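Please find below some notes for your reading of this entry, set out as numbered points. They are meant to be followed with the sequence and the structure open side by side.

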Amino acid sequence: YMLVGGSNFDDWASRETTQTYDFNSAIHEDGSVGEKYQRLAAIGHMLREHGARLMRAETVSLAFTNSNPTVQIAARRAQDGGLYLFVRTENRSGPQTGRVVISAGVEGAPLAFDYELEPFGSKIFYLPLGVTDAKHGEWLPKLLPPSKPSAELPSAIVLTQVESMADPLPKKWTPLTPGDTLENHGVMDRHFVYYRVRPAPGEAFAVHRLGDHVIKDTKADGVLALTAGQRLPVQASDTNAVTFIAPTNATEVVLLYENRGLQHHPTPTLEQNWRNGIRAVTVGTNAMPLEFATGERDRGIAFSADHPATDAAWRREIIGQSTGDSGALLQWYRLQFELPESTAVKSVIWHLRLEATGNGFIYLNERCLGRYWEAGPQTDFYLPESWLNFGAGKTNRIVLSLRPTQTNAVVRAAAIIPAD
């Protein structure tokens, strides 16, 4: 699908899409290459040598038998008399082997050759003009030797300590009038948004948001509710709304909204009706006054700065031993590491390998690296070398904003991993 991979930095990824847009590409987002590149390069070398002849080759009929009915054989003869036999299978369950015996239509008939194909594999058997023995035929494309790995990579940096802090609730709120949108207030990104409502104590209220399966098979946008330092349990959830009940001691409820992204290739109807944020909060059929606040992205950039402001709210923890904060809608984690100032280190490709519970965003040295999804499958994140600091005393800071899912938001493991 992708010849050259890329990264969905910041919130650029479409709905529920991973931060990486590599898709097992031939040339990965970090510039490295793998097996797919070797195969693609082999096809390129084959076309360089045989492309002109293949373009002008004509289909020919041969009399032959094939021992494997799941494998198809087709033949084309070039203008110089060379014969190309296309051998392929659509069987994906396992490798395929067989033997072809050509009884007429080629020099030296009967002529036999054996083949081996990978699942869903294909090859070309080439017989130049004058070749009457299959032993002198060529299988195309010819795989190139794999690139040699570096003689020695630096060791991985296993991070054992982390700083954590519950996100401070907003102090400045902006009212939303009925029918008003976040876009009208200049909020164009898909980062976390806070809302504030004031239901009566003991009152059930419904938060209207984009629900399950409204956009293809994606999940609903996330909504968490907090009052008096405690997250509220969900009472009901459907395609249109999620319902909570305000405790009897509640004076206000703060909501955290998670936008799971705009669907890739949406329909015109969806484009016309989709909007960022909560649509409304209702009690019965009555809409409640709404206020909103943003700033998660700004705090992520500030917390990952070169000289972040000292904040007593940060606490140091051992990775793997933290239990998270049950009273937080959004949890911050900060990791720090150094990379030596050396050509060997700078020439290495570095990744963050992360295991955490919760959904959110990753920041590296005042830049938003992209989304983190607890569900995965991505656990390795490319760290662009131009974003990294090298040298003694030059700290790199990775900051995560994580909202809890089924459990508290916690960093389970983290390491800075080298690769060729």
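**Backbone and sheet: points to check**

1. Ala 228 is a good place to begin: this residue lies in the loop between strands S16 and S17. The model is a predicted one, and in it Ala 228 has a phi near 50°, which is a positive value in a residue other than glycine. With a relative accessible area of 64%, Ala 228 counts as exposed, because the cut-off for that class is over 50%.

2. The two strands on either side of that loop, S16 and S17, belong to an open sheet of 6 strands, whose order is S13-S23-S14-S20-S16-S17 and whose pairing is antiparallel. Strand S13 (174–176) and strand S17 (230–231) stand at the edges of this sheet, and each has a single partner strand, so one side of each is left without a neighbour in the sheet.

3. Within the sheet, strand S16 (residues 222–227) runs antiparallel to strand S20 (residues 253–258), and the two are joined by 5 bridges. For a reader who wishes to trace the register, Leu 226 has Val 254 in S20 as its bridge partner.

4. A second residue with an unusual backbone angle deserves a look. Most residues other than glycine have a negative phi, and most peptide bonds are trans. Asn 24, which is not a glycine, has a positive phi, near 55°, and is found in the loop between strand S2 (20–21) and helix H1 (35–56). Asn 24 is exposed, since its relative accessible area of 51% is over the 50% cut-off.

5. Where are the cis peptide bonds to be inspected? One runs from Leu 140 to Pro 141, with omega near -10°, and Pro 141 lies in the loop between S10 and strand S11 (157–159). Another joins Gly 376 and Pro 377, with omega about 10°, and here Pro 377 is found in the loop between strand S28 (367–372) and strand S29 (380–383).

6. The last point concerns Gly 130, which lies in the loop between strand S9 (122–127) and strand S10 (138–140). Gly 130 has a relative accessibility of 47% and therefore counts as partly exposed. Its C-alpha atom is separated by 9.7 Å from that of Val 106, although the two residues are 24 residues apart along the chain.

How values were computed
Residues numbered from 1 in each chain as written. Predicted model: local features only at pLDDT ≥ 70, side-chain atom pairs only at ≥ 80, totals over all residues. Heavy atoms only, no water. Pairing = 2+ DSSP bridges. Helix = DSSP H or I, 4+ residues; strand = E, 2+ residues; numbered from the N terminus. Buried < 20%, exposed > 50% of the residue type's maximum accessible area, 1.4 Å probe, protein only.
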